[in-house]
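Colleague: I have a model open and do not know where to begin. Could you take me through the reading of it, one feature at a time?

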Amino acid sequence: MPDLSCLLSLHTSLLPPLYCSRLTLNHERDFCLFNSVFTAAPVFSMNFHPFWVVHSLKHYSPFKDVTVDDWWDQVNRCYVFIIILTMCICVSIKQYGGETISCDGFTKFSKDFVEDYCWAIGMYTVREAYDLPSTMVPYPGVIPDQLPACVPRLLNNGTILRCPSEKDVLPGEKIFHLWYQWVQFYFAIVAAAYYTPYLLFKHFAAGEYKPLIRQLSSATLSDGNAAEKTQERVVCWLYYRFKNTIFGKGLKYWFKRNSFSFAIGITKLLYLGITVAVFYSTGEMFEYGSGTWHTYGANWFGTRFTLYERGRVNHTTLNKDKLFPKMVSCQIQRYGLSGLEMETAQCVLAPNVLYQYFFLITWFVLIVAFFSNLCSCFLHLSEMFFWRGTYERMIDDCMMPNRPRYQYVFKSIGAGGRELIQVLMGNTHPVIFTRIFDELTFRLVTKASMDVEVITNEFAAGSPDSESAVGGDKLV
């Protein structure tokens, strides 16, 4: 066994079973660790166990025992991701596991041909047939193509209402509904989009911190010597992480101190951008127009118990009947014995009964995610520039003493260092975290040969907690 430093021992001790990781220490050597939970043979042997598959899939679960992101980001990669993925699975089962449409009224074509043709080419409604009384149309948007411009009617004054010429009337505008063909891919893409920022953040920003956090999360006070060794390795890692950047001057060191915070901010902006993009692109997916989708959830509150046959005093078509029509028209054109044969009839889109509620859930999920991500971005900006509130919350949560060197180091490590400290605090026992933070601040202050009076006057003027320790410049 090679003689590794605390950094390498920290990483290799945290590798899960069946996992081979190449770790580079100071670009000198690469080490690869193999471990198996069932046999003494390496994992690349031909031995196989079904639990290996389960263990590999657990690695990709959105619900992690050890987290490197905060609660706001977990709303996106856990809850939004699971909700959208569940709807994707349900839609796929319905789409490929049963009949999606049912047509009637065709006399020239077979039933299978009609359903396949209408599903592939697309069904439509007529815009002018919306907002009409139920006595005139069987369903909103469904109306015969050869409809007269109007019907002459006798008025109360005895005159007859004259209708315009058929040549002067524009034909009805057809609204084709094709989105149902790719709805399962829509949900799959949205689910993947909400999980992608976490993968990018973990790979490019938090990958080096994950072994450290995993080590701390498994440490308990009852471990004895093992807990002390863990604390020492973590302090060692943090010390080398901060010692060259905490007191450095210039743009280079400023960027290093804040790089982790920038990565978190970019991740939050990605979640916010994805939410806005999904909301508006969903509206563009429907042929009727995005304006109807934008108010879909709000409109549902006032009309959730209204049926088409009831309550149509003002003859207004509901948004759910515009976006998710249950009855549509289909026109088939085909060459036959008599030339070009054409026939139009009605079809029932039964899955739209289910889809209208799936997209209603999606609408509310996107609205909640938007405001959640907006708050997350503002809170992150406030924590970057106003560190004292974050420091006081750390002191209160871990019941730590408010010592001058704690304040000085917490401020000096920059926004990125403070974010890392908060992540460690959230995954560590408060007592263990207090010991680590106390030892870390002592080493950093000692390393910089800080003047006791300068720090005391700057951060704790008149504080009774400051005194010189024998043998160094330790502040307690």
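**Reading the model feature by feature**

Modeller: Start with one residue: at 71% relative accessibility, M399 counts as exposed, because the cut-off for exposed is over 50%. The model is a predicted one.

Colleague: Where does M399 lie, and what is its phi near?

Modeller: M399 is part of the loop that joins α13 (387-398) to α14. Its phi is near 55°, which is a positive value in a residue other than glycine. Another positive phi, about 85°, belongs to G414, just after α14.

Colleague: How much of the chain can I trust?

Modeller: Look at pLDDT, the predictor's confidence in each residue. Where pLDDT is low, the predicted coordinates should not be read in detail. In this protein the mean pLDDT is 75, and 74% of the residues reach 70 or more.

Colleague: Which elements have the lowest and the highest mean pLDDT?

Modeller: Strand β2 (residues 29-32) is the lowest, with a mean of 33, and helix α12 (residues 351-385) is the highest, with 93. Two further stretches call for care. Over residues 450-454 pLDDT stays under 50, and the model has 8 contacts there beyond four places in sequence. Over residues 461-476 pLDDT also stays under 50, with 23 such contacts in the model.

Colleague: How many helices and strands does the protein have?

Modeller: The secondary structure comes to 17 helices and 7 strands. Next, see how the chain is brought together. Of the contacts with a separation of 6 or more, 70% are between residues 24 or more positions apart. Buried residues make up 45% of the 476 residues. The protein exposes about 26,100 Å², and carbon and sulfur atoms supply 60% of that area.

Colleague: Which residues have the most contacts inside the largest nonpolar core?

Modeller: They are F106, C118, F187, L238, F359 and M394, in a core of 89 residues. Helix α5 (residues 183-204) gives the most to this core, with 9 residues. Apart from it lies another core, of 5 residues, including Y124, A129, V137 and I143.

Colleague: What does C118 touch, leaving out residues up to four places away in sequence?

Modeller: C118 touches I101, C103, F106, M123, Y180, C330, I332 and C347. Follow C330 from that list.

Colleague: Is C330 buried or exposed?

Modeller: C330 is buried, because its relative accessible area is 0% and the cut-off for buried is under 20%. Its place is in strand β6 (residues 327-336). Beyond its neighbours within four places in sequence, C330 is in contact with F106, C118, M123, Y124, E343, T344, A345 and C347. The C-alpha atoms of C330 and V114 are separated by 8.9 Å, although the two residues are 216 residues apart along the chain.

Colleague: How should I read a pair of helices?

Modeller: Ask for the distance between the axes, then the angle, then the residues in contact. The axes of helix α14 (residues 404-412) and helix α15 (residues 414-426) come within 7 Å and cross at roughly 115°. From α14 the contact uses F410, K411 and S412, and from α15 it uses G414, R418 and I421. By class, these are 2 nonpolar, 2 polar and 2 charged residues.

Colleague: Which residues of α14 are buried?

Modeller: Helix α14 is mostly covered, with 8 of its 9 residues buried. The buried ones are P404, R405, Y406, Q407, Y408, V409, F410 and S412.

Key. Residues are numbered from 1 along each chain as its sequence is written. This is a predicted model: local features need pLDDT of at least 70, side-chain atom pairs count only at pLDDT 80 or more; totals for chains, interfaces and linings use all residues. Side-chain values use heavy atoms; hydrogens and water are left out. Axes are lines fitted to C-alpha atoms, for helices over the stretch in contact, and angles run from 0 to 180 degrees between N-to-C directions. Helices (H or I, at least four residues) and strands (E, at least two) are DSSP runs, numbered from the N terminus. Contact means heavy atoms within 4.5 Å. Ala, Val, Leu, Ile, Met, Phe, Trp, Tyr, Cys and Pro count as nonpolar, Asp, Glu, Lys and Arg as charged, and the others, Gly among them, as polar. Buried means under 20% relative accessible area, exposed over 50%, partly exposed in between (1.4 Å probe, protein chains only). Accessible areas come from the Shrake-Rupley method with a 1.4 Å probe; for residues, only the protein chains shown count as cover. A nonpolar core is a set of buried Ala, Val, Leu, Ile, Met, Phe, Trp, Tyr and Cys residues joined through side-chain atoms within 4.5 Å. pLDDT is the predictor's confidence in each residue, from 0 to 100.
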